[in-house]
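Q: I am new to this structure and would like a close look at one part of it. Could you walk me through it slowly, and then show me what lies around it?

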Amino acid sequence: MKDIFDTHAHYDDSAFDGDRYELLDRLFSDTVCGIVNQGTTVATSRFSLELAHRYDNMYAAVGIHPECADENSLSQLSIIKELAADKKTAAIGEIGLDYYYDVPKDLQKAVFEAQLELANELSLPVTVHDREAHGDILEILKKHKPKGIVHCFSGSREMAAEIVKLGMYIGMGGVVTFKNARKAVEVIKDIPLEALVLETDCPYLAPVPYRGKRNDSGLIINTAESIAQIKGMTAEEILRITRRNAEKVYNIG
Ligand code: NI
């Protein structure tokens, strides 16, 4: 079985500095069929593309994360646009809103909306980060109607239904295996499997029984097993269907 598609990873992170290429070599020869590495700045977007060019089954999302948004971000979008022209760029991301951090909301919204416009102009999907910003995220997505994924989904079942209605996908990761994952479990019960994709957000959010340790794409099997229980299916079926969804949303394969 080689059906793990990790729709959201950060292998540029320094947590992987000691063994990045050995780990990726092993994952791709073992259980993983695809990874999309997410940019958060111009530098990590470039690094995501470097990784994507090193591995056939690795792709890049390029973009500026809300937590990294500053007064230079809007002028940097011309560079993001150049990176987006690379054939291994699968999406604009990771973009969105993060109201947990102190970056001014107006700046975050301006950078988010400009990148949604860029994605639509280039006919690329987006990967959306939403932390404590559900209302504004939904309003802005309804306005721009991008294709793509709302990653590490933390909203309600009502919000999930709205996202699915917009034709977007819900990204789920290690959080669904946590004991306190009541909300995520409700969402998974509700949404059709055709709207679900799997992710790690590695090095963070490792599933149980690895919670707190460094995460990697191979551990998606544990997330798939939790989802399989909720849906009354096998983990293999979950992996196969979510892989197909991932390839569809990212236009791969
Ligand atoms: Ni991320």
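Which residue's side chain meets that of D190 in a salt bridge?

A: Happy to walk you through it. Please keep in mind that this is a predicted model. The partner you are looking for is R157: its side chain and that of D190 meet in a salt bridge, with 3.0 Å from N to O. The two residues come from distant parts of the chain, with D190 in helix α7, R157 in helix α6, and their positions 33 residues apart in sequence. With a relative accessibility of 42%, D190 counts as partly exposed. R157 is partly exposed too, at 34% relative accessibility.

R157 has another partner to look at. E186 also forms a salt bridge with R157, and here the closest N and O atoms are 3.8 Å apart. E186 sits in helix α7, which covers residues 182–190, while R157 sits in helix α6, which covers residues 157–165, so this pair ties together parts that are 29 residues apart in sequence. The relative accessible area of E186 is 25%, which makes this residue partly exposed. Put the pieces together and a network appears: R157, R182, E186 and D190 are joined by salt bridges that share partners. As a general background idea, side chains of opposite charge can pair when their charged atoms come close.

Now stay in helix α6 and turn to A160, which has its place there. Here the setting is another one: A160 counts as buried, because its relative accessibility is 0%. Setting aside residues up to four places away in sequence, A160 touches F153, I170, V187 and I191. For a sense of scale, you can look from A160 to S29: the two are 131 residues apart in sequence, and their C-alpha atoms are 34 Å apart in space.

That brings us to the interior. The largest nonpolar core has 68 residues, and those with the most contacts inside it are Y11, I92 and M172. Helix α4, residues 105–122, gives the largest share of this core, with five residues. Apart from this core lies another one of 14 residues, including F5, Y59, A90 and V197. In soluble globular proteins, nonpolar side chains tend to be buried together.

Helix α4 also leads us back to salt bridges, of which a search of the whole structure finds eleven. One of them joins E113 and K143, whose closest N and O atoms are 2.9 Å apart. Since E113 lies in helix α4 and K143 in helix α5, residues 134–144, this pair ties together parts that are 30 residues apart in sequence. The two partners have opposite settings: E113 is buried, with a relative accessible area of 17%, whereas K143 counts as exposed at 57% relative accessibility.

Next, look at the metal. The nickel ion is coordinated by NE2 of H8, NE2 of H10, an OE atom of E94 and an OD atom of D201, at 2.2 to 2.4 Å. Along the chain these donors follow the spacing H-x1-H-x83-E-x106-D. H10 lies in the loop between β1 (4–9) and α1 (20–30), and D201 in the loop between β8 (196–198) and α8 (220–231), so this pair ties together parts that are 191 residues apart in sequence. The angles between the four donor atoms run from 81 to 172°, which makes the arrangement around the nickel ion irregular. H10 is buried, with a relative accessible area of 8%, and D201 counts as buried at 12% relative accessibility.

One last stop is T44, in helix α2, which spans residues 42–54. T44 is buried, with a relative accessible area of 16%. Polar atoms of its side chain have backbone company: the backbone nitrogen of T40 lies 2.7 Å from a polar atom of the T44 side chain, and the backbone nitrogen of T41 lies 2.9 Å from a polar atom of that side chain. Leaving out neighbours within four places in sequence, T44 is in contact with D12 and G39.

To return to where you began: the side chains of D190 and R157 meet in a salt bridge, and this pair belongs to the network that also takes in R182 and E186.

Key:
Residues numbered from 1 in each chain as written. Predicted model: local features only at pLDDT ≥ 70, side-chain atom pairs only at ≥ 80, totals over all residues. Heavy atoms only, no water. Core = buried A, V, L, I, M, F, W, Y, C linked by side-chain atoms within 4.5 Å. Buried < 20%, exposed > 50% of the residue type's maximum accessible area, 1.4 Å probe, protein only. Helix = DSSP H or I, 4+ residues; strand = E, 2+ residues; numbered from the N terminus. Donors = N, O, S within 2.8 Å, 3.2 Å for Na, K, Ca; no water. Tetrahedral: all angles 85-135°; square planar, octahedral: opposite > 155°, others 65-115°. Salt bridge = Lys/Arg side-chain N within 4 Å of Asp/Glu carboxyl O. Polar contact = N/O pair within 3.5 Å; in protein donor to acceptor, adjacent residues only side chain to side chain. Contact = heavy atoms within 4.5 Å.
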